[in-house]
Amino acid sequence: MLKTPKSLRLHIGVFGRRNVGKSSILNALVRQNVSIVSDVAGTTTDPVEKVMELKPIGPVVFIDTAGIDDIGALGCERVRKTMGVIDRTELAVLVTDEWLDYENRLLVEFKERNIAVVVAANKTDLRQTAELEERVSEVTDSVVSTNALEYIGIDALREAIIAATPAEFLENNYIIANLIEQGSMTIFVTPIDIEAPKGRLKMLQVHCLREILDKNANAIVCKETELEDVLNKLKQSPELVVCDSQVLHKVTCIVPDDVIVTTFSILMARFKSNFEVMSRGTKAIDSLQENDKVLILEACTHHPIGDDIGRVQIPELLKQYVGGELNIDVVAGRDLPDDISRYKVIIHCGGCVFNRKEMLSRVEKAKQAGVPITNYGMAISYLHGLFHRAMEPFAVSESVLK
Ligand SMILES: Nc1nc2c(ncn2[C@@H]2O[C@H](COP(=O)(O)OP(=O)(O)OP(=O)(O)O)[C@@H](O)[C@H]2O)c(=O)[nH]1
Ligand SMILES: [Mg+2]
């Protein structure tokens, strides 16, 4: 893999009203003309993304957005898209040339959602006084004066962004390394079926392999059909087996009981989501009754193929478990159905293509709607009676496991 996947990059969203200089600021920050600039209000319509390395943070993605004050039917649609970008924003650059109610509302939204904010008081060349900066300082402490046309204040803005970066992006945030010891052996079991990406491994698996190597530990990758053979060839049992959810049942039949077995999507729930909420949400499966509504959410929008896990496997397991029909909606991509409170439980995929913030935003929305949320790996292990085993490596309270 040549590049860090987008989902692992710090997401920096650039927000503000139309024409304040959002695209100019983004271009100046990345030193490239990636976003179109013009004096026509409403130039940026769809979010524009640019990935880059920002030392010392590392890989980031900047997202330019349409103005928050856009009007008309199309304008409303653009504002909706901009608000959607907030769901995946970890750090917001709020560009302004006059502090109005729009700015106030955006700031409140960021603060409520725990999103770090840096304000760029742009177009300094058009102002005689520091009135705007003083006004902003009353409501937030990170404000930088900029003139995007002449690149003035852009280095200071970059520094302010680095200073405001959430600690988890500066510290090491592991997916598997803190579950294994140096010198240990992990086996990855991954079916190479028609759903497997062509000619490569899933990025999550590559990421895990890299962490294992960094830890001076070892890994073997095999298909579920070869697992027994691989185990027979090893002189001692592996410390950990991680498999795709759809082969969990098969894998646990092969791997000795004293070996820890979990799934990639459970690792994802820990790495990218609210593990505690999702673990607790799993138990809601028990309360399902015939004809209840279940929402299955999938991050990728791939064309459904074969025994698709979200569309076929989980629904079948759920119906068997409940012993009757269920009303199951499967929704793929970024948009959530309007009223999620209609559902009895939400089952989410691992979310490899989402960043942590977007997953957490979804968990938060489920919480606000009062709907329990769980994830593919947890739900499948639960439905197979293997929840306890698949959750064993993680510190989960007994009340969740029972
Ligand atoms: N004088 C001055 N003009 C600026 C500055 N920054 C941007 N502009 C100008 O302001 C106009 C709007 O800039 P954009 O970067 O397109 O603004 P935007 O916020 O992305 O606008 P929309 O995409 O329409 O929402 C352009 O004519 C820019 O050249 C600045 O610091 N000073
Ligand atoms: Mg723009």
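# Exercises on a predicted model

In the protein chain, confidence bottoms out in helix H16 (residues 398-401), with a mean of 56, and peaks in strand E4 (residues 91-96), at 98. Here pLDDT is the predictor's confidence in each residue, on a scale from 0 to 100. Helices (H or I, at least four residues) and strands (E, at least two) are DSSP runs, numbered from the N terminus.

Some ground rules: this is a predicted model, where local features need pLDDT of at least 70 and side-chain atom pairs count only at pLDDT 80 or more, while totals for chains, interfaces and linings use all residues. Residues are numbered from 1 along each chain as its sequence is written, chains are lettered from A and ligands numbered from 1 in the order in which they are written, and side-chain values use heavy atoms, with hydrogens and water left out.

## Exercise 1: overall confidence

Find the average pLDDT of the protein chain.

Solution. The chain averages 90. Next, look at the share of residues that score at least 70: that comes to 94%.

## Exercise 2: the magnesium ion

Work out which residues coordinate the magnesium ion (ligand 2), and where they sit.

Solution.

Step 1. Look for donors, meaning N, O and S atoms within 2.8 Å of the metal (3.2 Å for Na, K and Ca); water is not among the atoms, so sites may look incomplete. You'll find Ser23 (OG) and Thr44 (OG1), at 1.9 to 2.1 Å.

Step 2. Place them on the chain. Serine 23 belongs to helix H1 (residues 22-30), while threonine 44 is in the loop between H1 and strand E2 (48-54). The two are 21 residues apart, so the pair links distant parts of the chain.

Step 3. Check the cover. Serine 23 and threonine 44 are both buried. Buried means under 20% relative accessible area, exposed over 50%, and partly exposed in between (1.4 Å probe, protein chains only).

## Exercise 3: the shell around ligand 1

Describe the surroundings of ligand 1.

Solution.

Step 1. Count the neighbours, taking a residue as near if one of its heavy atoms lies within 4 Å. There are 24, and the closest are Lys22, Ser24, Gly42, Thr43 and Asp125.

Step 2. Sort the shell: seven nonpolar, eleven polar and six charged residues. In this scheme Ala, Val, Leu, Ile, Met, Phe, Trp, Tyr, Cys and Pro are nonpolar, Asp, Glu, Lys and Arg are charged, and the others, Gly among them, are polar.

Step 3. Pick out short distances. The side chain of serine 23 has an N or O atom 2.8 Å from an oxygen of ligand 1, and the side chain of threonine 44 also has one at 2.8 Å from a ligand 1 oxygen. At alanine 148, a polar backbone atom is 2.9 Å from an oxygen of ligand 1.

Step 4. Look at the cover. On its own, ligand 1 has 650 Å² of accessible area, and the protein covers 91% of that. Such areas come from the Shrake-Rupley method with a 1.4 Å probe; for residues, only the protein chains shown count as cover.

## Exercise 4: two aspartates

Is aspartate 69 buried or exposed? Then do the accessibility of aspartate 125.

Solution.

Step 1. Aspartate 69 is in the loop between strand E3 (58-64) and helix H2 (72-86). Its relative accessibility is 12%, so aspartate 69 counts as buried.

Step 2. A polar atom of the aspartate 69 side chain lies 2.8 Å from the backbone nitrogen of arginine 18. For reference, a polar contact is a pair of N or O atoms within 3.5 Å; within protein, one must be able to donate a hydrogen and the other to accept it, and residues adjacent in sequence count only if both atoms are side-chain atoms.

Step 3. Aspartate 125 lies in the loop between strand E5 (116-121) and helix H4 (131-139). With a relative accessible area of 40%, aspartate 125 is partly exposed.

## Exercise 5: helix H14

How many residues of helix H14 (residues 376-383) are buried?

Solution.

Step 1. Eight of its eight residues are buried, among them Tyr376, Met378 and Leu383.

Step 2. At the start of H14, a side-chain oxygen of asparagine 375 comes within 3.2 Å of the backbone nitrogen of glycine 377.

Step 3. After H14 comes glycine 385, with a positive phi near 75°.
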